[in-house]
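Work through the exercises below with the structure open. Each task is followed by a solution in steps.

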Amino acid sequence: MTGIDPRIAEEFDALLPRMRATSRRLHAHPETAWEEHAAADLLTGWLAEEGFAVERPYAGVETGFRARRPGHERAPATIAVLLEYDALPGIGHACGHNLIAAGGAAAAIAAARALGDAGAAVTVIGTPAEEGGGGKIVLLDRGAFDDVDAALMFHPADRTLTARHGLAAIHFHAEFRGVASHAAKHPEDGKSAFNGARLFFDAIDMLRQFLPAKARIHGIIRAAGDAPNVVPDHALVEGIVRARTLAEARDLFARVRRIAEGAAMGSETTAEVREPSPAYAERRNNPAMVAAVDRYLRAQAVDITPTSPDNPAGSSDIGNVSLVVPAIHPYIQIAERGTPSHAPVFAEAAGTDYAFDQAAKMARAIACTVADLAADPDLRAAVRESFEADDHAA
């Protein structure tokens with residue numbers, strides 16, 4: 001099939017007002033990782049109205065959920081649409097998760113309506129805390145994807161890409177502790193934790209020349225004392241190590257740990273390095289599903305940027321899912337080329353009519369792909385075959 005299925009187009013278009021209202025509501029009321037209670041209420045309420053049976057909390061995650069249509073137990077397979085709905089601290093939906101959630105829900109509902117009781121089960125999984133908390137990884141480790149045969153979602157961006165590589169990422173905290181003293185009367189008695197953090201950053205900068213391709217190390221000093229006349233006895237660095245694969249990231253993170261130990265030695269402080277959340281793996285994009293989404297986007301005259309290793313990339317916890325379940329994570333342009341994500345300008349863009357119209361095109365393509373997967377066992381077999389071939393190649 002090369003065009004949009006008229007049944008799905010009709011069902012999806014009927015959902016556009018609800019999708020718009022949901023996106024606006026989420027955009028106006030951002031909630032950060034693990035705190036997305038109102039967002040989960042809003043989304044599960046909509047799905048329940050559509051006849052989905054909702055489980056929440058799901059897998060022990062308070063703001064996670066699973067929504068399935070009745071009769072899923074007898075279905076030959078399960079096709080899952082994944083929703084993200086957390087925002088970034090201080091700048092709201094600067095990654096456009098309001099559009100992911102509203103568009104993903106509309107796509108799943110439209111596909112389920114068009115399919116009726118036929119074919120595979122359409123499931124929606126609400127995945128909180130993508131922005132650093134690793135919600136999908138927590139759900140994955142607790143068996144939430146054990147019965148899923150394919151997982152689909154999309155993401156807003158400054159360009160449309162049906163496939164994009166994703167970097168592995170390890171979030172870390174490096175905590176330095178020293179000895180407080182009066183900075184004027186008795187500076188010789190102090191051991192500055194802030195100096196430990198400074199040395200750590202300086203040494204990280206020296207390491208950059210020797211980083212492998214695509215590797216990144218970046219971070220902030222979250223705390224470094226409370227008063228200028230007191231030698232700081234505590235400093236906290238929050239950072240991220242990224243690389244092409246999780247194995248590469250682990251090797252690089254070992255070097256970061258050694259740098260922290262050296263910075264502590266040089267500043268006569270102590271350092272503790274820990275991982276506050278699960279590590280994000282690299283992402284695999286399932287070729288068979290990518291081809292379907294690409295086809296349905298082109299049917300809507302969407303301009304698609306060619307996939308290239310030179311395209312800039314971030315990280316997402318769907319990477320971990322994609323190593324276990326066939327998955328896709330295409331991107332839809334919602335702002336001018338070059339507009340940075342994770343910035344106030346992108347949060348503003350995520351609330352515009354243009355962004356909504358673009359997200360609707362991607363969500364329509366996702367709905368068509370979900371329906372194809374649910375109705376066509378040969379396509380599901382092709383998806384599985386390409387997934388296993390990619391696994392062997394890796």
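**Exercise 1.** In which loop is Glu50 found? State whether Glu50 is buried or exposed, and list what Glu50 is in contact with.

*Basis.* The model is predicted, so local features need pLDDT of at least 70 and side-chain atom pairs count only at pLDDT 80 or more, while totals for chains, interfaces and linings use all residues. Residues are numbered from 1 along each chain as its sequence is written, and side-chain values use heavy atoms, with hydrogens and water left out.

*Solution.*
- Step 1. Glu50 sits in the loop between α2 (37-49) and β1 (53-55). Helices (H or I, at least four residues) and strands (E, at least two) are DSSP runs, numbered from the N terminus.
- Step 2. The relative accessible area of Glu50 is 19%, so Glu50 is buried. The cut-offs are under 20% for buried, over 50% for exposed, and partly exposed in between (1.4 Å probe, protein chains only).
- Step 3. Apart from neighbours within four places in sequence, Glu50 is in contact with Leu15, Arg69, Ile109 and Arg113. Contact means heavy atoms within 4.5 Å.
- Step 4. With the side chain of Arg113, the Glu50 side chain makes a polar contact at 2.7 Å. A polar contact is a pair of N or O atoms within 3.5 Å; within protein, one must be able to donate a hydrogen and the other to accept it, and residues adjacent in sequence count only if both atoms are side-chain atoms.

**Exercise 2.** How many salt bridges does a search of the whole structure find? Examine the pairs of Asp147, Lys136 and Glu175.

*Solution.*
- Step 1. Side chains of opposite charge can pair when their charged atoms come close. The rule used is a side-chain nitrogen of Lys or Arg within 4 Å of a carboxyl oxygen of Asp or Glu. The search of the whole structure finds 25 salt bridges.
- Step 2. Asp147 forms a salt bridge with Arg68, with 3.7 Å between the closest N and O atoms. Asp147 lies in the loop between α4 (135-141) and β5 (150-152) and Arg68 in strand β2 (residues 65-68), so the pair ties together parts 79 residues apart in sequence. Asp147 is partly exposed at 34% relative accessible area, whereas Arg68 is buried at 14%.
- Step 3. In the salt bridge of Lys136 with Glu84, the closest N and O atoms are 2.5 Å apart. This pair links distant parts of the chain, 52 residues apart: Lys136 is in helix α4 and Glu84 in the loop between β3 (78-83) and α3 (97-115). Both Lys136 and Glu84 are buried.
- Step 4. Glu175 and Arg177 meet through their side chains in a salt bridge (3.1 Å, N to O). Glu175 is buried at 12% relative accessibility, and Arg177 is partly exposed at 45%.
- Step 5. Arg20, Arg24, Asp353 and Asp357 are joined into one network by salt bridges that share partners.

**Exercise 3.** Which residues line the largest cavity? Describe the lining by element and by class.

*Solution.*
- Step 1. On a 1 Å grid over the protein atoms alone, a cavity is a set of points where a 1.4 Å probe fits but cannot get out, and a pocket is an open set with protein on both sides within 12 Å along at least five of seven lines; lining residues have an atom within 4 Å of a point.
- Step 2. There are 2 cavities of 30 Å³ or more, and the largest has a volume of about 60 Å³. Grid points are joined across faces, edges and corners, and a volume is the space filled by probe spheres set on the points.
- Step 3. The lining of the largest cavity consists of Arg20, Ser23, Arg24, Leu99, Ala350, Gly351, Thr352, Asp353 and Phe356. α1 (6-28) and α10 (353-375) are the elements that give two or more residues to this lining. The largest share, 3 residues, comes from α1.
- Step 4. By class, the lining of the largest cavity has 3 nonpolar, 3 polar and 3 charged residues. Ala, Val, Leu, Ile, Met, Phe, Trp, Tyr, Cys and Pro count as nonpolar, Asp, Glu, Lys and Arg as charged, and the others, Gly among them, as polar.

**Exercise 4.** Which element gives the most to the lining of the largest pocket?

*Solution.*
- Step 1. The largest pocket holds about 1,400 Å³ of space. Of its 50 lining residues, the closest to the centre are Leu88, Glu131, Ile240, Arg242 and His342.
- Step 2. β8 gives the most to the lining of the largest pocket, with 5 residues.
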